[in-house]
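Please open the model in your viewer and keep the sequence panel beside it. The tour below proceeds by selection, and each stop says what to pick and what is found there.

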Amino acid sequence: MKNRVVITGLGVVAPNGVGVDAFTKAIKNGISGITFHQQLADLNFSCCIGGIPNISEEKKLEYLTPLQLRGFNSSGILYGCIAGMDAWKDAGFEVDPNSDLYFDSGTVFGTGTSGVDKFREAIYKLDDKQVKRLGSTVVVQTMASGISAFLGGILGLGNQVTTNSSACTTGTEAILMGYERIKNGQAKRMLVGSCSDDGPYIWGGFDAMRVMTYKHNETPKEGSRPMSETASGFVPGAGAGALVLESLESALKRKATIYAEILGGNINSGGQRDGGTMTAPNAKAVQRCIQDAVRDSGILAEDIDTINGHLTATSKDSLEIENWTKALGRSGTGFPYINSLKAMVGHCLAASGSIESVATVLQLKHQFVFPNINCEDVHPEISALISEEKIVKHTINTSLNIAAKASFGFGDVNGCVIFKKYN
């Protein structure tokens, strides 16, 4: 017998809302968190807009101690700690440094590049022959597993404590890794999620690749345009999303609030073959990932009510829609609702899968579909495949039972998870 796995806690740090309540309000109302950043303009970026969460110094002190914040310069770890601690408390647990060790609880919390600003700071000191002035926290702020090390220590997690990294698929993969551990009886609960740093040293490479939009520096909130004919590239973002996964038995025993159930999912790779490259997806592998996720979940393709896509506002949006239609065998008016959170927050890179999964779970819990802002002009290649009424322009309240969330990342890696409303 495999354990059923449910979600009992949520936390989110997004460009358009910090905390579940603020984030829910933002996505329901189609509020964008994308703004202009003078620093990018000063550094001669083509794209000078991005989504950065608003965190005050006072807010930081609600989560990390003055000692922890001394010499602290890792935005992704900060976002991950806030989202992770919020999710843990939302699930009904205390954040107490004197708590017992939770041997039945662990974390898989992913990232792409951790502490890049701290790296830069350290490199300048090293080049200036000031190695003895690096401080004692450089390693934990810059190592890939820094975020899981922080959360594991703060929360007293005694099960698996690790960080995964799979580009844009990181957050979705982390959810499935934690899900598998609980399903197989290796843990009662897992804090899962992902985070991403913000700023020019993370985003510069993408600007150099010319995959980010340069057309909306004066109209930042209109810049991210997934599925739109006038989409001109993605807008960078940052933040963190976190979910507490728990066995149904454990959740019921402690009478926890249950947001949704995870039915299953799949992770695969296109191997950079058959049209797949470092930056482009192998369509066959994407379709297989979706189909295998549906099969693993024990549902039929027609059971899916809504999809939260990867959909980045690049030239690959049309291909993604085509892959969904082929994988599910559904098109036209028979296609599920589909949306992309990136229109409101930008592409949060390694954090995208987890932030977008929090949004997906909130839709199931509160029975709504958030709008695709900036998509007044659906790309004709997309409208030829699916009915435009499935690309909602304004929030709708509707009955939802099953939702799919997928991520497709650099390196031709794919992940798809299936969520279900808990009854």
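Which residues of α8 are buried? In this predicted model, select helix α8, residues 146-155, and colour Gly146, Ile147, Ser148, Phe150, Leu151, Gly152, Ile154 and Leu155, which are its buried residues. Because 8 of the 10 residues of α8 are buried, the helix is largely enclosed by the rest of the structure. To see what encloses those buried residues, add α4 (66-69), α5 (75-90), β5 (105-111), α7 (138-142), β6 (161-162) and β7 (189-196), against which they pack. Before leaving this stop, step on to Gly156, which follows α8 and has a positive phi, near 70 degrees.

**Two helix crossings on α15**

Next, select α15, residues 352-366, together with α1, residues 20-28. The axes of these two helices come within 11 Å and cross at roughly 80 degrees, and α1 and α15 are therefore roughly perpendicular to each other. Show side chains for Val20, Phe23, Thr24, Ile27 and Lys28 on the α1 side, which meet Ile355, Val358, Ala359, Leu362 and His366 on the α15 side. Sorted by class, the residues of this contact between α1 and α15 comprise 7 nonpolar, 2 polar and 1 charged.

Keep α15 on screen and replace α1 with α9, residues 170-183, whose axis comes within 5 Å of the axis of α15 and crosses it at roughly 70 degrees. That angle makes α9 roughly perpendicular to α15. Here the residues to select are Gly171, Thr172 and Ile175 of α9, with Gly353, Ser354 and Ser357 of α15 as their partners in the contact. The contact of α9 with α15 has 1 nonpolar, 5 polar and no charged residues.

**Ala240 in β8**

From α15, move to Ala240, which is found in strand β8, residues 239-247. Is Ala240 buried or exposed? With a relative accessibility of 0%, Ala240 counts as buried. Leaving aside neighbours within four places in sequence, its contacts include Ser354 and Ile355, as well as Gly11, Val12, Val13, Tyr79, Gly80, Ala83, Ser194, Cys195 and Ala351. For a view along the chain, draw a distance from the C-alpha atom of Ala240 to that of Ala251, which lies 11 residues away in sequence and 24 Å away in space.

**β9 and the loop after it**

Select strand β9, residues 260-269, and centre on Asn266 within it. Asn266 has a relative accessible area of 17% and is buried, since the cut-off for that class is under 20%. Apart from residues up to four places away in sequence, Asn266 touches Leu176, Arg288, Cys289, Asp292, Ala293, Asn414, Gly415 and Cys416.

Then follow the chain into the loop between β9 and α12 (283-296), where Gln272 is found. Most residues other than glycine have a negative phi. Gln272, however, has a positive phi of about 55 degrees although it is not a glycine, and at 34% relative accessibility it counts as partly exposed. Asp274 is found in the loop between β9 and α12 as well, and its phi is likewise positive, near 50 degrees, in a residue other than glycine. At 61% relative accessibility, Asp274 counts as exposed.

**The largest pocket**

Now turn on a pocket surface and go to the largest pocket, which has a volume of about 440 Å³. Of its 23 lining residues, those closest to the centre are Thr279, His310, Thr312, Thr314 and Lys316. Both α13 (317-328) and β14 (402-409) supply at least two residues of the lining, and the largest share, 3 residues, comes from α13. By class, the lining of the largest pocket divides into 11 nonpolar, 8 polar and 4 charged residues.

**Last stop: Tyr337**

Finally, select Tyr337, found in strand β11, residues 337-339. Tyr337 is partly exposed, with a relative accessible area of 22%. Not counting residues up to four places away in sequence, Tyr337 touches Asp305, Thr306, Ile307, Val369, Glu389, Lys390, Val392, Ile396 and Thr398. A C-alpha to C-alpha distance drawn from Tyr337 to Ile304 gives 8.9 Å, for two residues that are 33 residues apart in sequence.

Methods
Residues numbered from 1 in each chain as written. Heavy atoms only, no water. Buried < 20%, exposed > 50% of the residue type's maximum accessible area, 1.4 Å probe, protein only. Helix = DSSP H or I, 4+ residues; strand = E, 2+ residues; numbered from the N terminus. Contact = heavy atoms within 4.5 Å. Axes fitted to C-alpha atoms, helices over the stretch in contact; angles between N-to-C directions. Parallel < 35°, antiparallel > 145°, perpendicular 65-115°, else oblique. Nonpolar A, V, L, I, M, F, W, Y, C, P; charged D, E, K, R; others polar. 1 Å grid on protein atoms, 1.4 Å probe; cavity = no way out; pocket = protein on both sides within 12 Å on 5 of 7 lines; lining within 4 Å. Points joined across faces, edges and corners; volume = space filled by probe spheres on them.
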